[in-house]
Amino acid sequence: HASVMANFLHLPADEPGFFDPALEFSRYVYLLIGQDPGAIDEKISDQKAFDLALENLDQIFSQAGDKEKDKETVEGALNVVCWLFQRVLENNTAPAEAVTLVDKFLQRLRSDVSLHPLLRLKTMSTIYNILGGNGTARYNTFMAIVEYAAAAGREQFALVTSQLTELDNMLAEWGTDIHKTRSLYKVIFDSMAKHDSKDKAHQFRIKFLESFQGERGLDEAKEQANIAVVEAISDPKIYQYDTYLELDAIRALENDGKYGKTFSLLQLFSHDNLEGFNQFYGSNSSYVESLGLKKEECVLKMRLLTLCSLASNSKEIGYSEIAKNLQIQEAEVESWAIKAITAELMDAKMDQLNKVLVINHCKDRIFTKAKWTELRSKLVGWKDRIKQLMMVLENAKMQQQQQQMMQIQAQMQSM
């Protein structure tokens, strides 16, 4: 019986001359569990065959040993289970009934994270594809896939994360409400953090916080807002914090009894200098440490940010001024300038003879309204210059054409 399992899919059950997949499959299961396959009712319904499959799902999975042939046999059996599921689904047309049926199937598939997790994930994907337009059932299935893959291990979870680029489109297609969307984001970023994908976890945490824009009740977002700020401060790649300050969920921390100081710290990193940080740390060292932030890492970043502030206000900065503001020896200035250039915070040259840092360009710590206005006027000016250049070219072209016509006319007259 096992050898015919792989060929079961899409055989019409009610045509004469074909065996009934529900019956053959049920006999296969009875053989597995050591019962007499002849005892099966020959008119067994798809529903009963499906229920039998669910009851003995782990038994079916246990048949997939290390041999490729065994795995193929089990994969064939699982295809039949999915086929039965589809048949039962077609008879349970109410979407709510379908959701209950799906959840029951998923629960059985998720019961074991060590016994053939890839086969289980593959079966969940098949369920997802079968569900078509049932948004709620598809959401539940996708949530189950993410949770199961995260529990199964890094390798399995990596297969799922590659699908997340399409998540916004999928959520729109499912018609998922904001609360369910947040629940999914939370499962994703928690799973990513567990599997050391810290940058991606941070991106999904920010998506979670963005979903609260314009809302009043922000209490449920505060814990994640606090974590997001700490992640941004401790990330050696992040030096601009204005986008964080624009998030309502993060702004809600400002006067919060529990997280208020985290917001003050964010403001420091956003636009203050090393002196300001040291003063804050002097009064709040235990709080900063409780966030998991290390003083030396904060000081390193604040030195680079302080250097950025100096570079934004001047085209040339003396080594002595840099040393004073960064609280370092003058001999260390060049190594800090190199750090800032390497981090792409500025483009600068070191004039060792005159002991000045010459700034060509520096990243703005906060992209203020004034900066936007300045950029806009530059773009408008550039656009005007292009327009003028186009007019000059057009005039030159017309003059050239006129000269050519005059030459042709002159030649014709002389003939």
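**Cavity, pocket and the surroundings of Lys295**

In this predicted model, the largest cavity is bounded by Tyr239, Gln240, Leu305, Cys308, Leu345, Lys363, Asp364 and Arg365. The space in this largest cavity amounts to about 40 Å³, and a search of the whole structure yields one cavity of 30 Å³ or more. When the residues lining the largest cavity are sorted by class, four are nonpolar, one is polar and three are charged.

The second largest pocket, for which a volume of about 260 Å³ was computed, is lined by Leu121, Ser125, Tyr128, Asn129, Phe142, Ile145, Leu159, Val160, Gln163 and Met170. At least two residues of this lining are supplied by each of helix H6 (117–130), helix H7 (135–152) and helix H8 (154–161), and H6 provides the largest share, with four residues. In terms of class, the lining of the second largest pocket comprises seven nonpolar and three polar residues, and no charged residues.

Attention then turns to a single residue. Lys295 belongs to helix H17, which spans residues 295–313. The relative accessibility of Lys295 is 36%, and the residue is therefore classed as partly exposed, since this class lies between the limits of under 20% for buried and over 50% for exposed. When residues up to four places away in sequence are set aside, Lys295 is in contact with Asn278 and Tyr281. A further relation links Lys295 to Ser285, which lies 10 residues away along the chain, with a separation of 8.4 Å between the two C-alpha atoms.

Notes
Residues numbered from 1 in each chain as written. Predicted model: local features only at pLDDT ≥ 70, side-chain atom pairs only at ≥ 80, totals over all residues. Heavy atoms only, no water. 1 Å grid on protein atoms, 1.4 Å probe; cavity = no way out; pocket = protein on both sides within 12 Å on 5 of 7 lines; lining within 4 Å. Points joined across faces, edges and corners; volume = space filled by probe spheres on them. Nonpolar A, V, L, I, M, F, W, Y, C, P; charged D, E, K, R; others polar. Buried < 20%, exposed > 50% of the residue type's maximum accessible area, 1.4 Å probe, protein only. Contact = heavy atoms within 4.5 Å.
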